[in-house]
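Q: Please take a close look at one part of this structure, its interior. I should like a connected account that a newcomer can follow with the model in view.

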Amino acid sequence: GEWKKRPQIRYYPKLIEFLGYNPFHFDKTTIGGWIKKYLIQHGLSIYKLSKLIEVEKRTLASWENSRVILN
């Protein structure tokens with residue numbers, strides 16, 4: 001069978017730089033989409049970002065899964 005494995009998120013910024021564009025898709029109209037975009041662009045896990053902004057990991061994860069629309 002075909003073997004597929006995603007690189008660790010910490011490598012995403014270098015991959016984006018190498019490609020010259022961000023190949024990952026996220027909904028930029030939602031809070032969750034913007035959080036996912038930030039995580040990918042900066043190569044951060046939910047855990048690391050939660051430590052940086054001093055928010056509980058569970059809270060940040062719920063924001064990431066949020067479908068709240070931004071105006």
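**The interior and its surroundings**

A: Of the contacts in the protein chain with a separation of 6 or more, 51% are accounted for by residues 24 or more positions apart. The model is a predicted one, and every value below is computed from it.

The overall frame may be set out before the interior is entered. The protein chain contains 4 helices and 0 strands, and its pattern along the sequence reads α-α-α-α. Its C-alpha trace spans about 35 × 30 × 25 Å along the principal axes. The chain has 71 residues, of which 28% count as buried. The area that the protein chain exposes is about 5,900 Å², and carbon and sulfur atoms supply 56% of this area.

Which residues make up the largest nonpolar core? There are 7 residues in all: I35, L39, L44, I46, L49, V55 and L60. Two helices, α2 (31-42) and α3 (46-53), each supply at least two residues of this core. Apart from this core lies another, of 5 residues, which include Y12, I16, F24 and F26. As a general background, nonpolar side chains in soluble globular proteins tend to be buried together.

The larger core can be followed outward from one of its members. I35 touches L60, W63 and E64, when residues up to four places away in sequence are not counted. L60 is itself a member of the largest nonpolar core, whereas E64 is a residue of helix α4 (residues 57-64).

E64 deserves a closer reading. Is E64 buried or exposed? E64 is buried, yet it has no salt bridge. The nearest side chain of opposite charge belongs to K36, and it is 4.9 Å away. A salt bridge here requires a side-chain nitrogen of Lys or Arg within 4 Å of a carboxyl oxygen of Asp or Glu. With residues up to four places away in sequence set aside, E64 touches G32, I35, K36, L39 and I46. Among these, I35, L39 and I46 also belong to the largest nonpolar core.

G32 is the next residue to consider, and it is found in helix α2. With a relative accessibility of 1%, G32 counts as buried. Beyond its neighbours up to four places away in sequence, G32 touches W63, E64 and S66. G32 and V68 are 36 residues apart along the chain, and 7.5 Å separates their C-alpha atoms.

Helix α1 offers another view of how distant parts of the chain meet. P13 has its place in helix α1 and is partly exposed, with a relative accessible area of 25%. Residues up to four places away in sequence aside, P13 touches I40, Q41, H42 and G43. The C-alpha atoms of P13 and L39 are separated by 9.6 Å, although the two residues are 26 residues apart along the chain. L15, also placed in helix α1, is partly exposed at a relative accessible area of 33%. Between L15 and Q41 there are 9.7 Å, C-alpha to C-alpha, and the two are 26 residues apart in sequence.

The charged side chains complete the picture around the interior. How many salt bridges does the count come to? The count comes to 2 salt bridges. In one of them, E17 pairs with K14, and the closest N and O atoms are 3.8 Å apart. E17 and K14 are separated by about one helical turn, because they are 3 residues apart in helix α1 (residues 12-19). Both E17 and K14 are exposed. The side chains of E56 and R58 also meet in a salt bridge, at 3.7 Å from N to O, and E56 and R58 are both exposed. In general, side chains of opposite charge can pair when their charged atoms come close. For the protein chain as a whole, the mean positions of the 13 positive and 6 negative charges lie 3 Å apart.

One further residue belongs to a connecting segment. E54 is found in the loop between α3 and α4 and counts as exposed, at 72% relative accessibility. Its phi is near 55°, which is a positive value in a residue other than glycine. The residue that follows in the numbering, V55, is a member of the largest nonpolar core.

Definitions and conventions. Residues numbered from 1 in each chain as written. Predicted model: local features only at pLDDT ≥ 70, side-chain atom pairs only at ≥ 80, totals over all residues. Heavy atoms only, no water. Core = buried A, V, L, I, M, F, W, Y, C linked by side-chain atoms within 4.5 Å. Buried < 20%, exposed > 50% of the residue type's maximum accessible area, 1.4 Å probe, protein only. Contact = heavy atoms within 4.5 Å. Areas by Shrake-Rupley, 256 points an atom, 1.4 Å probe, with all protein chains shown as cover. Lys, Arg positive; Asp, Glu negative; His and termini not counted. Charge placed at Lys NZ, Arg CZ, Asp CG, Glu CD.
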